[in-house]
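Biologist: Please take a close look at a single strand and what surrounds it. I would like one connected account rather than a list.

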Amino acid sequence: MLMNLETLDWDEELLGFFNIPRSMLPKINPSSHPEAYGSTRTSRPLRAAIPIGGVLGDQQAATVGQVCFAPGEAKNTYGTGNFLLLNTGTELVRSQHGLLTTVAYQFGDSPAVYALEGSIAVTGSAVQWLRDQMKIIKSAGESEELARSVEDNGGMYFVPAFSGLFAPYWRSDARGAIVGLARYNSNAHLARATLEAICYQSRDVVEAMEQDSGVHLDVLKVDGGVTANDLCMQIQSDVLGVQVSRPVVAETTALGAAYAAGLATGFWQNTDELRTHWHESKRWSPQWTDEQRTQGYAGWKRAVERTLDWVKVP
């Protein structure tokens with residue numbers, strides 16, 4: 001949090017504010033460079049000094065692994081929480097709608113590529129809550145089967161703001177809520193509402209990204225454990241109104257780090273070559289009507305409003 005996004009160097013004003021001597025900090029390097037940053041030790045298990053040619057943060061690595069190299073391309077990683085990044089190219093877009101501006105990657109001496117990032121606190125962990133606290137399922141995989149047993153959420157919305165809401169709301173005063181309950185609602189409706197909550201929270205971030213960048217997504221690339229839930233990915237496509245694409249290689253973070261190292265060593269020549277190695281496992285297309293999508297999202301927004309101002313924040 002001390003780097004100046006424009007200069008890609010330590011920010012003098014921030015160093016002064018926190019009283020941090022520049023001499024304490026390492027040199028900031030590109031994500032990938034022919035001059036290796038160092039090498040591994042020769043101890044087990046590698047038993048050899050292997051050059052380190054790529055260094056990427058978690059979500060930046062997943063972005064590279066999903067070959068989101070063109071402005072407007074986006075990926076969403078579904079784990080305990082969700083992390084959605086949109087490539088904005090060499091243009092540094094300052095968010096006005098609750099997102100973070102970050103460096104996506106920089107390869108060699110090429111200009112840095114920036115991204116807008118939206119972090120969601122509770123997505124996959126909401127399914128874990130159904131399993132561990134509510135005990136309505138025995139495994140995360142059962143959530144799909146249970147949710148499929150009903151046609152829709154039965155008017156029920158679940159906002160899993162267990163510790164507040166992250167992007168794009170940033171409301172620490174919010175707490176989780178289940179709203180719209182009727183006598184006929186069942187645990188199956190709750191399971192479906194939980195999957196929908198994952199998707200609606202992602203739409204909140206996508207909406208903010210479109211407002212900041214002016215880019216309307218054509219397709220959303222997805223990865224992470226929750227993407228094994230086919231119903232959830234179908235709902236994601238329905239909620240967004242765009243196609244959702246899952247790659248063959250699910251471990252996109254590790255893959256992206258490998259891509260960066262391969263570019264540094266010349267194993268791969270450029271990002272165009274990396275694109276040829278990306279293959280799709282499955283794609284989902286929207287099945288909801290525009291009316292269903294509009295009404296569903298309006299209900300979600302009303303549900304979010306009910307979670308706000310629940311606790312007093314200093």
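Modeller: What follows starts at one strand and works outward to its partners, the surface and the cores.

The model is predicted. The strand in question is E8, residues 113-120, and it is mostly covered, with eight of its eight residues buried. The burial applies to both faces of E8. On one side sit Val113, Ala115, Glu117 and Ser119, and on the other Tyr114, Leu116, Gly118 and Ile120. Glu117 counts as buried because its relative accessible area falls under 20%.

E8 has pairing partners in E6 and E7. Strand E6, residues 82-89, runs antiparallel to E8 and is joined to it by seven bridges. E7 is also antiparallel to E8, and five bridges join these two. Glu117 of E8 is a useful reference point in both pairings: Leu85 stands opposite Glu117, and Leu100 stands opposite Glu117 as well.

Leu100 leads from the covered strand to the surface. This residue is found in strand E7, which spans residues 100-105. Leu100 is classed as partly exposed because its relative accessible area is 41%, whereas Glu117, which it faces, is buried. Together with Phe166 and Trp170, Leu100 forms a nonpolar patch on the surface, and the three have about 280 Å² of accessible area together.

Turning inward, Val113 of E8 appears again in a core. Nonpolar side chains tend to be buried together in soluble globular proteins. In this model, the largest nonpolar core has 56 residues, of which Leu220 and Trp300 touch the most other members. Helix H5 supplies the largest share of this core, 13 residues. A second, separate core of 17 residues includes Val113, along with Val64, Tyr105 and Ala260.

As for Leu220, its contacts beyond the neighbours within four places in sequence include Ala74, Lys75, Asn76, Tyr78 and Leu84. Among the others are Gln236, Leu240, Gln243, Val244 and Ser245.

H5, residues 187-213, also borders a loop, the one that follows strand E10, residues 177-179. Ala182 is found in that loop. With a relative accessible area of 32%, Ala182 is partly exposed. The C-alpha atoms of Ala182 and Gly155 are separated by 7.8 Å, although these residues are 27 residues apart along the chain.

To return to the strand: E8 is buried on both faces, and it is joined to E6 by seven bridges and to E7 by five.

How values were computed. Residues numbered from 1 in each chain as written. Predicted model: local features only at pLDDT ≥ 70, side-chain atom pairs only at ≥ 80, totals over all residues. Heavy atoms only, no water. Patch = residues over 30% accessible without salt bridge, like charges linked within 9 Å, V, L, I, M, F, W, Y side chains within 5 Å. Areas by Shrake-Rupley, 256 points an atom, 1.4 Å probe, with all protein chains shown as cover. Salt bridge = Lys/Arg side-chain N within 4 Å of Asp/Glu carboxyl O. Helix = DSSP H or I, 4+ residues; strand = E, 2+ residues; numbered from the N terminus. Buried < 20%, exposed > 50% of the residue type's maximum accessible area, 1.4 Å probe, protein only. Pairing = 2+ DSSP bridges. Core = buried A, V, L, I, M, F, W, Y, C linked by side-chain atoms within 4.5 Å. Contact = heavy atoms within 4.5 Å.
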